[in-house]
Amino acid sequence: MIVVVGADKPGIVAGIASKLAENNANIIDISQTVVRGIFAMVMVVDISQCKVSLAELRRQLQEKGKELGVEVQAYHEEVFRYMERV
Amino acid sequence: MRYTAEEIMEVYRMLSEEQLDIRSVTLSVNTLFAIAGNLEATLKRLESLGGTLERFVKAVDEVSGKYGIRIVTKRVAVSPIQFFLESLSEEDGLEIAEFLDGLAQEYKIDYVSGYSAFADRGFTNGALRVIKTFADALNSTRRLTVMINAASTVAGLNFEAIKLYVDEVFRMPPTSSSRATIMANVPPDSPFVPSAHHGLGMPEATINVAVSGPGVIESAIKRSKPKTLRELHDVIKRAAFKVTRLGELIGRKVAERMGIDFTTVDLSLAPSPAVGDSVAGIIEAMGISRMGGHGSLAALAVLMDAVKKGGAMATSAVGGLSGAFIPVSEDSVMAERALEGYVDFYTLIALSAVCNTGVDMVAVSKSQGKEKVVGLIADVLALGITLNKTLGVRVIPVDSPPGSYVDLGGLLGRVVVMKLKDVDVSGFVSLAGYVPSTLKRLELG
């Protein structure tokens, strides 16, 4: 699960998506929401064929996020299953 | 999508903005196999711990990386050193202390906990050797911690242990005394230091997890603006559930990777000096404008009950201290209120009736003498055996006068020097021996 938070501007979706494609991570779903007036994008990504570990993918995405001026976080789906489901 | 954007953003907010993290993953490991009757053989056997520590550190780092969850500290709890010192000397104890500290440093373990002894009613030779050496043991190490259990509901309250303990902490600098505690009813599976040790009845090795999360609870209250006490209780309970689930996830995964038992999650809300990570901040969000004001105890009682009910649902096994911590220095709002005079020793003792810390991380001025500190510790431990609960005291004797503070930095924060009541209590605290166990003991059969 990838969360991107920052000012909305062109190129953010493309930037993050291309970084995922480079690593063979497959976007399953993508949605946008606004949190306290700030653009937020949520992506669900399949990393079963990913070339790198989630820790490394997160590092690369955060580096890309810096270039784009947005904050990027990547969490494993199990975190949501544990915290949001009884 | 299996989760709504709101759910995803809630988790994101907790983890990135509200300081939710795993305070500690603690490996609790049996070390009694190393008892060998002489120092050299003991240390030789303890060397085998290295491989376990290496696997532990690797497992924690991998889990933290995979899930994107910050794990603030890695700790190791070992069997109480008392058992080693039944047949070894005080000097040997110091050698073992330095050896364990060295191991922790080598493997980048933040704390190794278990230079500990049980002296609830009296002293075995081993317990006495621990008490007489722990100041030197802590003064010569950086990652070792000490716990003296000086009271229990079953055995009573040992005044002699308190007196010896106070003698020792008075000859320690804050960097050492902040790693020692004296307790009543210490649990065998605490993930927190200094109380952590590998208790009796535990398997060879287990993982115990401590969560953080005061910021999550405070924000949840502020966002929901509850109108009734039941709404307030419910908001806290729901947030506590989520906080504890994170501990359950991380504990399970680390244990799985190591191929050992995952034992417990400690439900305690552990504050840190970071802004927005304060238990006192929660009480103030509940409408007590200054922590320590009348109603603070009732508010803490509501908080505690809701945390326990939410937490109990979230983990298959609750362990450790499982209350709320109200350490003064490690909680920026508590430290501020102590400096302002809203929180004093009697406030902390009263709050101890509904939480689990006791008097934690408070400095006392050496100029006020040892006897009042003995009296203070006796007060808290007496509460522990009377209410049949875990409580402890972590005091830091300093040269500075009451009303000032000492900055220890990092997780330890600003330690406020609180004024002890200027009343002579020497007649009472000089009484010899131990307090017999209370009527609570008889309820146990």
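## Exercises on a two-chain model

Helices H5(B) and H6(B) are oblique to each other, because their angle falls in none of the other classes (under 35 degrees is roughly parallel, over 145 roughly antiparallel, 65 to 115 roughly perpendicular, and the rest oblique). Helices (H or I, at least four residues) and strands (E, at least two) are DSSP runs numbered from the N terminus.

Residues count from 1 along each chain as its sequence is written, and chains are lettered from A, with ligands numbered from 1, in the order in which they are written. The model is predicted, so local features need pLDDT of at least 70 and side-chain atom pairs pLDDT 80 or more, while totals for chains, interfaces and linings use all residues.

**Exercise 1.** Find the angle between H5(B) and H6(B), and list the residues where they meet.

*Solution.*
- Step 1: locate the helices. H5(B) covers residues 90-106 and H6(B) covers residues 125-139.
- Step 2: read the geometry. The angle is about 45 degrees and the axes are 9 Å apart (axes are lines fitted to C-alpha atoms over the stretch in contact, and angles run from 0 to 180 degrees between N-to-C directions).
- Step 3: list the contact (C-beta atoms, placed from the backbone, within 7 Å). H5(B) brings B:Glu90, B:Gly93, B:Leu94 and B:Ala97, and H6(B) brings B:Arg129, B:Val130, B:Lys132, B:Thr133, B:Asp136 and B:Ala137.
- Step 4: sort by class. This contact has 4 nonpolar, 2 polar and 4 charged residues (Ala, Val, Leu, Ile, Met, Phe, Trp, Tyr, Cys and Pro are nonpolar, Asp, Glu, Lys and Arg charged, and the others, Gly among them, polar).

**Exercise 2.** Now turn to chain A: which class describes the way H1(A) and H2(A) lie to each other?

*Solution.*
- Step 1: H1(A), residues 12-22, packs with H2(A), residues 54-68, at about 155 degrees with the axes 10 Å apart.
- Step 2: the pair is therefore roughly antiparallel.
- Step 3: A:Ile12, A:Gly15, A:Ile16 and A:Lys19 of H1(A) meet A:Gln60, A:Leu61, A:Lys64 and A:Leu68 of H2(A).
- Step 4: the classes here are 4 nonpolar, 2 polar and 2 charged residues.

**Exercise 3.** Describe the build of each chain, from its helices and strands to its overall dimensions.

*Solution.*
- Step 1: chain A has 3 helices and 4 strands, in the order β-α-β-β-α-β-α. Chain B has 17 helices and 13 strands.
- Step 2: compare each radius of gyration (over C-alpha atoms) with the globule rule, 2.2 Å times the number of residues to the power 0.38. Chain A, with 86 residues, has 13 Å, which agrees with the value near 12 Å for a compact globule. Chain B, with 445 residues, has 21 Å, in agreement with a value near 22 Å.
- Step 3: the C-alpha trace of chain A spans about 35 × 30 × 20 Å along its principal axes, and that of chain B fills a box of roughly 65 × 55 × 45 Å.
- Step 4: the share of buried residues is 31% in chain A and 58% in chain B (buried means 20 or more other C-beta atoms within 10 Å, exposed 12 or fewer, partly exposed in between, with C-beta atoms placed from the backbone).

**Exercise 4.** How many residues does each chain give to the contact between A and B, and which element of chain B gives the largest share?

*Solution.*
- Step 1: chain B gives 19 residues and chain A gives 23.
- Step 2: on the chain B side, H1 (5-16), H3 (49-67) and H10 (229-258) each supply two or more residues.
- Step 3: H1(B) has the largest share, with 7 residues.
- Step 4: by class, this side of chain B has 11 nonpolar, 3 polar and 5 charged residues.

**Exercise 5.** Is B:Val393 buried or exposed, and what does it touch?

*Solution.*
- Step 1: B:Val393 sits in strand S10 of chain B, residues 391-398.
- Step 2: B:Val393 is buried, because 30 other C-beta atoms lie within 10 Å.
- Step 3: beyond four places in sequence, the contacts of B:Val393 include B:Thr181, B:Ile182, B:Leu376 and B:Val380.

**Exercise 6.** Look for backbone features: which residues does the cis peptide bond join, and where does A:Asn24 lie?

*Solution.*
- Step 1: recall the background. Most residues other than glycine have a negative phi, and most peptide bonds are trans.
- Step 2: B:Val193 and B:Pro194 are joined by a cis bond with omega about 10 degrees. B:Pro194 is in the loop between S6 (180-184) and S7 (205-211) of chain B.
- Step 3: A:Asn24 has a positive phi, near 65 degrees, and lies in the loop between H1 and S2 (26-35) of chain A. A:Asn24 is partly exposed, because it has 13 C-beta neighbours inside 10 Å.
- Step 4: B:Gln19 also has a positive phi, of about 60 degrees, in the loop between H1 and S1 (22-29) of chain B. With 22 C-beta neighbours inside 10 Å, B:Gln19 counts as buried.

Key: Two residues are in contact if their C-beta atoms, placed from the backbone, lie within 7 Å.
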